[in-house]
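Thanks for coming. I will go through one structure today, a few places at a time, and keep it short.

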Amino acid sequence: MPASPLSILIAPDPRLKTRARPVRPEDGAEIAVLVPRMFEAMYAAPGIGLAAPQIGVGLRLCVIDLQPDDTPAPVVLINPSIVAASAEMATREEGCLSLPNQYADVTRPARVTVRFGDLAGKTREITTDGLLAACLQHEIDHLDGILFIDHLSPLKRNMILRRLAKEQRQKAAG
Ligand code: NI
């Protein structure tokens, strides 16, 4: 029987605010099944990043694809961590599949080095800036129960959450 598509949790679901646990070797079989389905859900949304807590799985796992020049460039990050961040900051507009249609400027370190495991169990490192740096930090935040709106003032955060709740109610009402 084909698996039904993964559904993406919408804020303020409490599972989005929960810290995920590290992936262990015995999680390998689950991860192998989960990763292709996460990419499928992310591309369908469409989005450029998806973290396991967004589909209700409390594991430190995320997938990213910025699709430069419309070419697939999938990256799987297992137990990612930021090992270096620049003092220089950068501000970009962010959105999130768990906060559909909501966007705000978020300020983060401009350049980061992220260490992570890949599907083959190899440790890798990316040092980057620009959109990929913001995306990596955004996805790693998800693993710690942090949403992009948590980087905003309480006023802005509540405004976005209220607007989202209203839009979700309207959507449910058809
Ligand atoms: Ni997100």
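**Ser98 and its surroundings**

I start with a polar contact: a polar atom in the side chain of Ser98 sits 2.8 Å from the backbone oxygen of Leu9. Before going on, please keep in mind that this is a predicted model. Ser98 is located in the loop between strand 4 and strand 5, the latter being residues 99-109. Is Ser98 buried or exposed? Its relative accessibility is 0%, so Ser98 counts as buried. Leaving aside residues up to four places away in sequence, Ser98 touches Ile8, Leu9, Ile10, Ala11, Leu16, Gln54 and Leu164.

Next, the metal. Which protein atoms are the donors of the nickel ion? They are SG of Cys96, NE2 of His138 and NE2 of His142, at 2.1 to 2.3 Å from the ion. Along the chain, the donors have the spacing C-x41-H-x3-H. Cys96 belongs to strand 4 (residues 89-96) and His138 to helix 2 (residues 130-143); with the two positions 42 residues apart, this pair links distant parts of the chain. Both Cys96 and His138 are buried.

Now the sheet. There are 5 strands in an open sheet, ordered 1-2-3-6-7, with antiparallel pairing. At the edges are strand 1 (49-51) and strand 7 (123-129); each has a single partner strand, so one side of each has no neighbour in the sheet. On average, and ignoring direction, neighbouring strands here are turned by 40 degrees against each other. Strand 1 pairs with strand 2 (residues 61-64) in the antiparallel sense, over 3 bridges. Ala51 has Cys62 in strand 2 as its bridge partner.

Two helices lie across these strands. Helix 1 crosses strand 1, strand 2 and strand 3 (75-85), and runs at about 40 degrees to strand 2. Helix 2, the one that carries His138, lies across strand 1, strand 2, strand 3, strand 6 (111-117) and strand 7, at about 125 degrees to strand 7.

Last, the aromatics. How many aromatic pairs does a search of the whole structure find? It finds 1. The pair is Phe39 and Tyr43, with ring centres 5.9 Å apart and planes at 20 degrees; planes under 30 degrees apart count as stacked, so this pair is stacked. Phe39 and Tyr43 are 4 residues apart in helix 1 (residues 28-44), which means about one helical turn separates them. Phe39 is buried, at a relative accessible area of 10%, whereas Tyr43, at 32% relative accessibility, counts as partly exposed.

Definitions and conventions. Residues numbered from 1 in each chain as written. Predicted model: local features only at pLDDT ≥ 70, side-chain atom pairs only at ≥ 80, totals over all residues. Heavy atoms only, no water. Donors = N, O, S within 2.8 Å, 3.2 Å for Na, K, Ca; no water. Buried < 20%, exposed > 50% of the residue type's maximum accessible area, 1.4 Å probe, protein only. Phe/Tyr/Trp six-rings, centres within 6.5 Å; stacked < 30°, edge-to-face > 60°. Polar contact = N/O pair within 3.5 Å; in protein donor to acceptor, adjacent residues only side chain to side chain. Contact = heavy atoms within 4.5 Å. Pairing = 2+ DSSP bridges. Axes fitted to C-alpha atoms, helices over the stretch in contact; angles between N-to-C directions.
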